[in-house]
Every structure is written in C-alpha cells, then in structure tokens.
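Okay, thanks for squeezing me in. I'll put the structure up and talk through how some of the helices pack and where the charged side chains pair up.

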Amino acid sequence: MAGGGPPGWPALPPSRRVNVTGGVLAIREAHGTGGGAPILLLHGLTATADLNWFGVLDDLASEHTVIAPDLPGHGSSPIGDRRDLISVARDVGQVLASQVTRPAVVVGFSMGGAVAQLLARDRPELVRALVLCSSAATFGAHRSAAGRGMARIRAAAVEGALRAPAPARRAIGGVLQSVTVRRTARRGDPSPLQAWARSQLLRSDPLGVAIMRDALHAFDSRAWVRSLEVPIASIITTSDAVIPPDSQRWLARAER
C-alpha cells in the first residue's frame, strides 16, 4: 500500500517486504511509464528510504522504475543475520535482480554509497552506473586506536544486548534511539515536516542501527574502488560534519 509521506508532499509509492538470504528487506517501488534506466536508491545510516528520498521519489518515478529499500535495522527492515555491508549488498542485489531486467543506476547516500560500491564490485552485471552522495572509501580510518578499541567494545555490547531478555533490549534500545534522534533531528524546529522526520528516526531498530554503524566503520574500499568498471559520479557535501569532505574528495579522485 502507498505510504503517507510528509505533510504537503506527494504520497510515497507502495511498500512491500521481500525475503532475501539475510532475512527480509522492506522496499518502496514505483514503475514509471518512461524508458529511463531503473534506479536503486540506498539511504544513509539512521535514516530510512522514506526520509532520505521522499523529495525525489515522485519525480524519478515519472520516467523510471525506482526501488528504495530500508536497509537492515532501519525502518521496516529487521537486522536479520546481517552483520557486515557485504551481506547487505548481497541482499540488495537479490532484490534488484528480482525486480528489473536491465542494469540500474545505483544512488547511494553515505552508508548507502558504501553498499553501492560493494554491489558494483560483487554484482557488476546489475549496475549501469553509480551516483555516490556524501560517501567515502572508508568511514573509520580517521579513528584513533582508542576509538577502534571502543568500537569493538560497543559491538560486543550490542551483540550482548540482542541476546538479553526483551525488557532489557527495549531499555537499551530506547537509550540508543533517544541519542540518535537528539543528534540528527533539527533542534527547535516545530514544523510538521520535522515532526515527520523524527517519526521516521523512531521507526528503526536502534540495536540494528548500531550494528550497521559498526559495519560501516569496518568498510574500506581503498584497495579496490579504482577497479570498478562502471561510470561513477560523486556529489560532495562540502559542509558535511559527519563525512569529512576530504574523504569524499579522495573517493571522487579514485573514481577517475
């Protein structure tokens, strides 16, 4: 069924759940009447397909078949068995192969850009071109040894929380979720659009998001990104406080 979408914007295309190797992925899909190449939209960490792409879905769907999945742990997609971005790319590739009959333009924002790179490496027959937005070849290289150690401790704690009794999982998840909303929502903005954006952040599984955060920090394409044999365009967000612009520029230079 079609989703409500933010106030004042067109209704979002229908959503459904697709079974894949690692569990389930929820996808929005729209089938345009034009002849444009299929488009796969991959959102960033903590976001959902709806939150990342609501502003472009309607326009793109007029000419293209568009598929926008909630990545594992986000929105309506449970974390399942996915613990790294390679498995996420595998499952996204299964969805894409089942829905379109020709290679797609894969658009990835931040974490979605990492998944897009892996998809182009592992399933090149599915990818016509990449558009990487606010993305990088590595997301954890700037961390100190102490930071990497803390990441390992946090990952172990998250896995322990997943095995904890349900009340403990909910309590831990609630704390993680409140931190995510506080960090990413616009403070002091009472608008209906911002209220809808906060509701999107609350749809995700906070423990699943934490797992994907650690998976993103383990991602590193520097040794192989230059070997990708598809056209690549980069959109660099020069005032980005999360993905350093220099990391984005390194990726853009590596694509040449």
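So, H1 against H6: these two helices are oblique to each other. The angle between them is about 140 degrees, and their axes sit 9 Å apart. We call that oblique because roughly antiparallel only starts over 145 degrees. And yes, before anyone asks, this is a predicted model.

Who's touching whom here? From H1 you've got Asp50, Leu51 and Phe54, and they meet Leu193, Trp196, Ala197, Gln200 and Leu201 in H6. By type, that contact splits into 6 nonpolar residues, 1 polar and 1 charged.

Keep an eye on Asp50, since it comes back. Its side chain makes a salt bridge with Arg203, at 3.7 Å from N to O. Where do those two sit along the chain? Asp50 is in helix H1, which covers residues 49–61, while Arg203 is in the loop between helix H6 (192–201) and helix H7 (206–218), so the pair ties together distant parts of the chain, 153 residues apart. 

Now, buried or exposed? Asp50 comes out at 5% relative accessibility, so it counts as buried. Arg203 is at 29%, so that one goes down as partly exposed, the buried label being for residues under 20%.

Let me set that next to another pair. Arg249 and Asp246 also form a salt bridge, with 3.2 Å between N and O. These two both lie in helix H8, residues 245–254, and they're 3 residues apart, about one turn of the helix. On the accessibility side, Arg249 is partly exposed at 33%, and Asp246 is exposed at 56%. Going back to Asp50 and Arg203 for a second: salt bridges with shared partners join them with Arg28 and Asp70 into one network.

One more pair, and then I'll leave the charges alone. Arg82 and Asp91 form a salt bridge with their closest N and O atoms 2.7 Å apart. Both Arg82 and Asp91 are buried. How many salt bridges are there in total? The count comes to 10.

Right, back to helix packing, with a second example. Helix H2, residues 85–99, packs against helix H3, residues 111–122, at an angle of about 70 degrees, again with an axis distance of 9 Å. That makes H2 and H3 roughly perpendicular to each other, as the perpendicular class runs from 65 to 115 degrees.

For the contact itself, H2 brings Leu85, Ile86, Val88, Ala89, Val92, Gly93 and Leu96, and H3 brings Met111, Ala114, Val115, Leu118, Leu119, Arg121 and Asp122. Sort those by type and you get 11 nonpolar, 1 polar and 2 charged.

Let me zoom out to finish. The chain as a whole has 8 helices and 8 strands. Out of its 256 residues, 50% count as buried. If you take contacts with a separation of 6 or more, 74% of them are between residues 24 or more positions apart. The accessible surface comes to about 12,000 Å², and carbon and sulfur atoms account for 57% of that.

If you're clicking around afterwards, I'd start from Asp50, which shows up both in the contact of H1 with H6 and in the salt bridge with Arg203. That's me done, happy to take questions.

Conventions
Residues are numbered from 1 along each chain as its sequence is written. This is a predicted model: local features need pLDDT of at least 70, side-chain atom pairs count only at pLDDT 80 or more; totals for chains, interfaces and linings use all residues. Side-chain values use heavy atoms; hydrogens and water are left out. A salt bridge is a side-chain nitrogen of Lys or Arg within 4 Å of a carboxyl oxygen of Asp or Glu. Helices (H or I, at least four residues) and strands (E, at least two) are DSSP runs, numbered from the N terminus. Buried means under 20% relative accessible area, exposed over 50%, partly exposed in between (1.4 Å probe, protein chains only). Axes are lines fitted to C-alpha atoms, for helices over the stretch in contact, and angles run from 0 to 180 degrees between N-to-C directions. Angles under 35 degrees count as roughly parallel, over 145 as roughly antiparallel, 65 to 115 as roughly perpendicular and the rest as oblique. Contact means heavy atoms within 4.5 Å. Ala, Val, Leu, Ile, Met, Phe, Trp, Tyr, Cys and Pro count as nonpolar, Asp, Glu, Lys and Arg as charged, and the others, Gly among them, as polar. Accessible areas come from the Shrake-Rupley method with a 1.4 Å probe; for residues, only the protein chains shown count as cover.
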